[in-house]
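Take a look at the fold below. This report covers one strand and its partners, then the cores, then the salt bridges.

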Amino acid sequence: MTMGMPFTAARPGEVYESKVWPGLKLEYGERHLLLEAPEEMDGLSSAVYGGGSGRLRRMVNIYVDRQYRCDDPARDIAELLEQWGYPAEGTAGLLTAVPMRYAAVAEERGEDFAVFCCATAGASNAARAGVRRTTFPASWTPGTINVLLAVDGRLTPAAMVNAVMTATEAKTAALGDLGVQDAENGLAATGTTTDAVALGVSQRADWPLLHAYAGTATDLGGTVGRLVYAAVGESLRAAAAGAGARR
């Protein structure tokens, strides 16, 4: 596994090139990260812009401050994409209040796939699913833990859902091992109130194996889990250290 934080001292325009998927690039912008694949991918995401299932070429993780008014986040993302010259079609857009310099990257290549993960993570609104807590009929704020996953390989639609499940379990494990708690009740947090995940799969015919599963018992799922766990944990630690240094 290759692990790192490529943009801790980056300037806009710097690019991280994947070591496991030739042509996959992560670019550091003024207030965003652009993950772009060399070809279209099958996509599945909870992104506020371009979310759901469909064809994806790029994922854009955008920083906004905590005072951001999120009356129409999809419109705001569309305007930013136009400003930056990114096509609206084939783009998933996510918002976060975590500075982009805290982005962590983890990637690994197996015999039948390659997986790339980028996470930006903070725990200011950590929450536990499965218990009563403050909720609203409809609520959206900038994502606190955003996970961008790109898989060079062949997955069935069910395996794509399975990969998102495994990624979510790994995120929860990272929070648990770091002792992150729900501020309302003191219980172990399973995520935050505003997490998002975006998955893109190349489906390249060069890969002979079609993955029907991506749970933790599989090579693919095991890799997804390790990478998400590592990236989320590293970004959480860096963001927490940065917040402490500013106090």
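## A covered strand

The model shown here is predicted. Start with strand S7. Five of its six residues are buried, so the strand is mostly covered under the 20% cut-off for relative accessible area.

S7 has strand partners. Strand S1, residues 2-4, pairs with S7 in the antiparallel sense, over three bridges. Within that pairing, Gly4 has Val105 of S7 as its bridge partner.

S8 pairs with S7 too. The sense is again antiparallel, and there are six bridges. Ala104 is matched with Ala119 in S8. Four residues form the hairpin that joins S7 to S8.

## The largest nonpolar core

Now turn to the packing of nonpolar residues. The largest nonpolar core has 39 residues. Seven of them touch the most other members: Val115, Val147, Leu149, Leu199, Leu220, Val228 and Val232. Several elements each supply at least two residues of this core. The strands are S7 (104-109), S8 (114-121), S10 (145-152) and S13 (196-201). The helices are H2 (157-177) and H3 (219-246). H3 gives the largest share, with nine residues.

What does Val115 touch, leaving out residues up to four places away in sequence? Its contacts include Val20, Ala106, Glu107 and Glu108. Leu149, Ala150 and Val151 are also on the list. So are Leu220, Thr223, Val224 and Leu227. Another core lies apart from the largest one. That other core has 27 residues, including Leu35, Met41, Ala103 and Cys118.

## Salt bridges across the chain

Side chains of opposite charge can pair when their charged atoms come close. How many salt bridges does a search of the whole structure find? The count is nine. Three of these pairs are described here.

Arg226 and Glu108 form one salt bridge, with their closest N and O atoms 2.8 Å apart. Arg226 sits in helix H3 and Glu108 in strand S7. The two residues are 118 residues apart, and their pair links distant parts of the chain. Is each partner buried or exposed? Arg226 has a relative accessible area of 41%, so it is partly exposed. Glu108 has 18% relative accessibility, and it counts as buried because the cut-off is under 20%.

Lys171 and Asp195 make another salt bridge, at 2.8 Å from N to O. Lys171 belongs to helix H2. Asp195 is in the loop between strand S12 (191-192) and S13. The pair therefore ties together parts that are 24 residues apart in sequence. Lys171 is buried, at 11% relative accessible area. Asp195 is partly exposed, at 24%.

## A small charged network

Salt bridges that share partners join Glu40, Asp42 and Arg55 into one network. Look at one link in it. The side chains of Arg55 and Asp42 meet in a salt bridge of 2.5 Å, N to O. Arg55 is in strand S5, residues 52-63. Asp42 is in strand S4, residues 32-45. The two residues are 13 residues apart, and the pair links distant parts of the chain.

Where do these two stand on the scale from buried to exposed? Arg55 is partly exposed, with a relative accessible area of 42%. Asp42 is partly exposed as well, with 24%.

Methods:
Residues numbered from 1 in each chain as written. Predicted model: local features only at pLDDT ≥ 70, side-chain atom pairs only at ≥ 80, totals over all residues. Heavy atoms only, no water. Core = buried A, V, L, I, M, F, W, Y, C linked by side-chain atoms within 4.5 Å. Buried < 20%, exposed > 50% of the residue type's maximum accessible area, 1.4 Å probe, protein only. Contact = heavy atoms within 4.5 Å. Salt bridge = Lys/Arg side-chain N within 4 Å of Asp/Glu carboxyl O. Pairing = 2+ DSSP bridges.
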